[in-house]
Amino acid sequence: MFIRVCAYQSWDTTSISLTAGCDLFMRYVTRTSALEYEDFNSARSRLIERAEKFGEISSKARRIIAMLSQDSIFYGCTILVHGFSIVVLEVLKTAAQNKKLFRVFCTEGRPDRTGLRLSNELAKLDVPVKLLIDSAVAYTMDEVDMVFVGADGVVESGGIINMMGTFQIALVAHSMNKPVYVAAESYKFARLYPLDQKDMAPALRPIDFGVPIPSKVEVERSARIYTPPQYLTLLFTDLGVLTPSVVSDELIQLYLWS
Amino acid sequence: MEARRASRTVSDPKVRHVGFFTPDPNPHPGRTPLASDAPVSNALSPVMIPPPRQPSDRTAAVPVPETGQRRQTGADQVPVGSYNPSESLLSSSPLPSSPSSRVGLVDGEFSEESGGWLRRSESEKYASSLPDTMVERAPENSASAAPRLESKKSVEVTGKGGKAVLEEQNEVQSSSKPLKEKTTKAERRALQEAQRAAKASGKAEGNKSAAVSQGAASVKPVKQPSQKKDGPPVSVSVVSFDKKGGDRPPEKERKKDVPAPRMQFDDKSRVQKAKKHAVVKQTEARNRVELFRHLPQYEHGTQLPDLESKFFQLDPVHPAIYKVGLQYLAGDISGGNARCIAMLQAFKEAIEDYSTPQEKTLARDLTAKISSYVSFFIECRPLSISMGNAIRFLKTHKVIVRHAITKIRDGDVLLTYGSSCVVEMILLYAHEMGKQFRVVVVDSRPKLEGQALLRRLVAKGLSCAYSHINALSYIMHEVTKVFLGAASVLSNGTVYSRVGTASVAMVANAFHVPVLICCEAYKFHERVQLDSICSNELGDPDAIAKVPGRTDVNYLNNWANKENLQLLNLMYDATPADYISMIVTDYGMIPPTSVPVIVREYRRDHVFL
């Protein structure tokens with residue numbers, strides 16, 4: 001099983017959530033007295049049981065997060081969403097199902113077109129959606145009440161690693177005193193501590209501008225950005241509603257106790 | 001000892017063979033007759049007294065780790081040895097299942113504890129090489145019994161192994177585990193095979209050594225050149241932690257939900273192994289109580305003359321250490337505190353007399369020596385908990401250095417203030433690892449501590465710049481990171497450090513330069529301090545009134561006579577947590593807001609220990 005987990009990790013070395021998740025998975029699964037059993041079969045079945053439980057926990061996590069964030073979505077609010085995160089989608093779905101009235105601003109999310117996908121989903125839920133180009137965030141920030149983003153990874157300082165563009169939005173929101181909420185499952189907590197943008201492993205992806213680019217022109221192809229904790233207000237996780245400084249506490253307890 | 005040395009045909013244990021090697025063609029003639037003894041001793045009934053330990057056997061055999069000593073041994077010997085996977089594995093005879101499974105688990109645990117230096121799979125292989133197979137593998141002993149050479153890794157592992165053994169808590173950073181495992185796995189396997197082979201042949205030589213135990217305390221990797229001459233070098237056993245078992249169960253169980261791997265003295269084979277690795281020859285007590293047979297039981301009184309006679313052979317052991325060891329053995333020092341104090345004083349003398357050999361680095365070499373001293377002490381008498389904690393404190397620097405250098409990139413310009421030993425270690429180690437960076441040392445009156453640091457850094461070849469604190473905002477724009485030390489870190493994240501540190505941190509923050517505090521966890525404190533005034537230390541005011549070397553600056557010569565003039569020489573200041581990006585401790589990298597978590601979680605364990 002360890003080998004399989006390593007295989008998952010090496011399949012996409014740039015995926016922080018995958019790495020973090022795998023680490024936690026290994027930890028969770030092996031942190032059991034099952035290994036004391038001399039009978040291999042019983043130990044094995046116990047490990048498998050733990051593994052399956054881990055999977056259930058992850059999907060339950062989303063529901064817990066959706067529940068916890070309902071209080072912050074008030075009647076008639078405007079939510080700005082960046083990127084396509086199924087956790088955030090679950091949050092909005094739950095709010096829509098509870099018959100709350102709110103509207104959503106979606107950034108386009110170039111080049112992944114996340115905004116287009118998200119607005120599609122929201123339109124199906126009959127939630128009023130407005131699509132913005134990425135540069136129009138500061139323009140509309142006055143009307144926005146809160147920003148909701150997901151996370152690829154939550155790092156030890158309490159900051160998040162997310163799709164390119166998140167930091168800009170967080171900066172604008174912070175300077176205009178709008179809260180920035182992050183919805184992330186606890187298995188995304190990673191033992192990284194970037195000091196600046198270059199401190200992480202690079203994750204490059206091709207960008208299609210629609211027109212051919214002359215070869216002399218360089219393109220910034222990084223797909224991820226680190227948002228420092230001082231620009232984030234709250235993290236909604238399955239461990240509860242946390243402030244960014246609590247992430248490290250949780251990580252210490254998760255990792256250093258095994 | 002001499003006779004044995006002459007007869008030994010093993011290749012010098014200190015020589016490290018990497019890669020495949022051919023077994024020594026001339027096995028020691030004495031081995032075959034002795035081989036027959038091994039089974040005999042194993043056939044003793046539990047009530048009978050096993051033959052006296054033969055520490056001198058060690059050299060030929062690379063010690064296969066005992067349960068109790070496994071941690072240390074494995075870790076220390078991991079980096080050395082040759083790789084003969086097919087030989088060792090195929091020739092293993094079937095072993096009783098329970099010891100091997102226990103062993104496997106133990107090694108697994110060990111690997112967790114020692115920070116991932118060993119993998120579980122490898123430790124399983126360890127298990128397969130119990131001494132029962134030795135007779136068949138007599139010739140393979142040219143293996144490097146010699147564990148370590150001056151390789152960085154080995155010394156580090158030594159230190160790490162020792163630390164793992166001694167620490168009462170699991171301070172291992174899990175994040176470092178996967179990396180370490182991958183990089184050294186092949187090497188480690190090579191070493192293990194070699195060690196197993198060597199051990200097998202050594203054991204075949206027999207357990208009797210009439211004369212002497214090996215000289216010096218186990219490991220002294222750095223001493224290899226001098227020890228090459230001594231036949232039966234201790235080397236291999238970096239360890240001799242064989243008696244530790246009894247003290248360690250609570251810690252082990254906590255680390256892993258696996259039964260604690262103790263040195264089971266009722267298990268014949270392990271006792272045999274343990275005996276071979278010891279420096280101090282001890283005779284077993286007679287008529288041991290059945291219930292307590294798992295604990296080390298020896299007649300201590302008989303060892304004193306032996307050790308005294310060996311004094312002159314134990315040159316790698318500092319005389320102060322040796323003396324304290326003898327006192328333990330003779331029972332002159334007893335009581336947790338007394339033993340701990342004696343041990344620390346002995347370490348202090350040893351460290352004072354210590355000077356880094358040329359080709360080694362301070363951190364690793366000193367750690368290796370201390371590990372060897374510790375193992376010597378343990379042979380004389382198992383460590384008390386207080387001693388274990390104290391030893392752990394000596395070794396925290398290594399972990400901090402490892403974490404901190406991940407943050408140093410090529411092309412960095414690092415600024416440091418004053419002289420912090422941890423920061424110095426980090427910079428020197430990063431330089432050794434080949435990272436390209438510049439250092440700016442900022443200094444201030446009246447202590448001018450930065451000058452000593454500057455001298456040491458320049459001597460090692462780092463490119464440095466030196467400045468006084470007045471020019472801080474002038475140079476800050478070209479700095480990429482700031483590394484600072486701390487006297488203590490308080491619960492609200494405030495860093496209490498040499499006066500001037502707060503200014504450096506604030507200017508760095510204004511320039512958006514990350515500030516990293518490097519501080520051992522034992523410096524964390526539950527107190528909260530909001531400013532530098534409520535608690536501080538005052539230095540000598542005359543120091544700031546005078547400028548050394550400038551007698552013309554004498555305006556303040558009569559300052560004491562002036563009623564309305566007061567001179568203030570503060571020693572410390574408090575840096576608020578907002579200006580600090582990260583604190584690097586032996587528990588990893590944490591934000592300043594997590595200090596109380598560390599204090600809460602880890603101090604609790606200290607109390608129990």
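Okay, let's start with one pair of residues: Tyr496(B) has Ala574(B), in strand β8(B), as its bridge partner. Keep in mind that we're looking at a predicted model.

That pair belongs to a bigger pairing. Strands β6(B) and β8(B) run antiparallel to each other, joined over 4 bridges. Add one more strand and you get an open sheet of 3 strands, in the order β5-β6-β8 in chain B, with antiparallel pairing. So which strands of chain B stand at the edges? They're β5, residues 488-489, and β8; each has a single partner strand, so one side of each has no neighbour in the sheet.

Now, what lies across β6 and β8 of chain B? That's helix α22(B), and it runs at about 30° to β8(B). The helix covers residues 501-510, and its buried residues are Thr501(B), Ala502(B), Val504(B), Ala505(B) and Ala508(B). If you look down the axis of α22(B), those buried residues fall within an arc of 165°, so they line one face of the helix.

And what does that face touch? The buried residues of α22(B) pack against several elements of chain B, including β6 (495-498) and β8 (572-575), the strands we just met, but also β1 (412-417) and β4 (481-485). Just after the helix, have a look at His512(B), which takes a positive phi of about 60°.

Let's move to another histidine, His525(B). You'll find His525(B) in the loop between β7 and α23 (541-545) of chain B. Is His525(B) buried, partly exposed or exposed? Its relative accessibility is 36%, so His525(B) counts as partly exposed.

His525(B) has company, too. Setting aside neighbours within four places in sequence, it is in contact with Val489(B), Leu490(B), Ser491(B) and Val599(B). Its side chain also reaches the backbone nitrogen of Arg527(B), at 2.9 Å. And here's one to try on screen: from His525(B) to Asn492(B) is 33 residues in sequence, and 9.6 Å in space, C-alpha to C-alpha.

Last, let's zoom out to the chain. Chain B has 24 helices and 10 strands. Of its 609 residues, 60% count as buried. Chain B exposes about 22600 Å², with carbon and sulfur atoms supplying 58% of that. And if you take the contacts in chain B with a separation of 6 or more, 82% of them are between residues 24 or more positions apart.

Note on methods. Residues are numbered from 1 along each chain as its sequence is written. Chains are lettered from A and ligands numbered from 1 in the order in which they are written. This is a predicted model: local features need pLDDT of at least 70, side-chain atom pairs count only at pLDDT 80 or more; totals for chains, interfaces and linings use all residues. Side-chain values use heavy atoms; hydrogens and water are left out. Buried means under 20% relative accessible area, exposed over 50%, partly exposed in between (1.4 Å probe, protein chains only). Helices (H or I, at least four residues) and strands (E, at least two) are DSSP runs, numbered from the N terminus. The arc is that of the directions from the helix axis to the C-beta atoms. Contact means heavy atoms within 4.5 Å. Two strands pair if DSSP finds at least two bridges between them. Axes are lines fitted to C-alpha atoms, for helices over the stretch in contact, and angles run from 0 to 180 degrees between N-to-C directions. Accessible areas come from the Shrake-Rupley method with a 1.4 Å probe; for residues, only the protein chains shown count as cover. A polar contact is a pair of N or O atoms within 3.5 Å; within protein, one must be able to donate a hydrogen and the other to accept it, and residues adjacent in sequence count only if both atoms are side-chain atoms.
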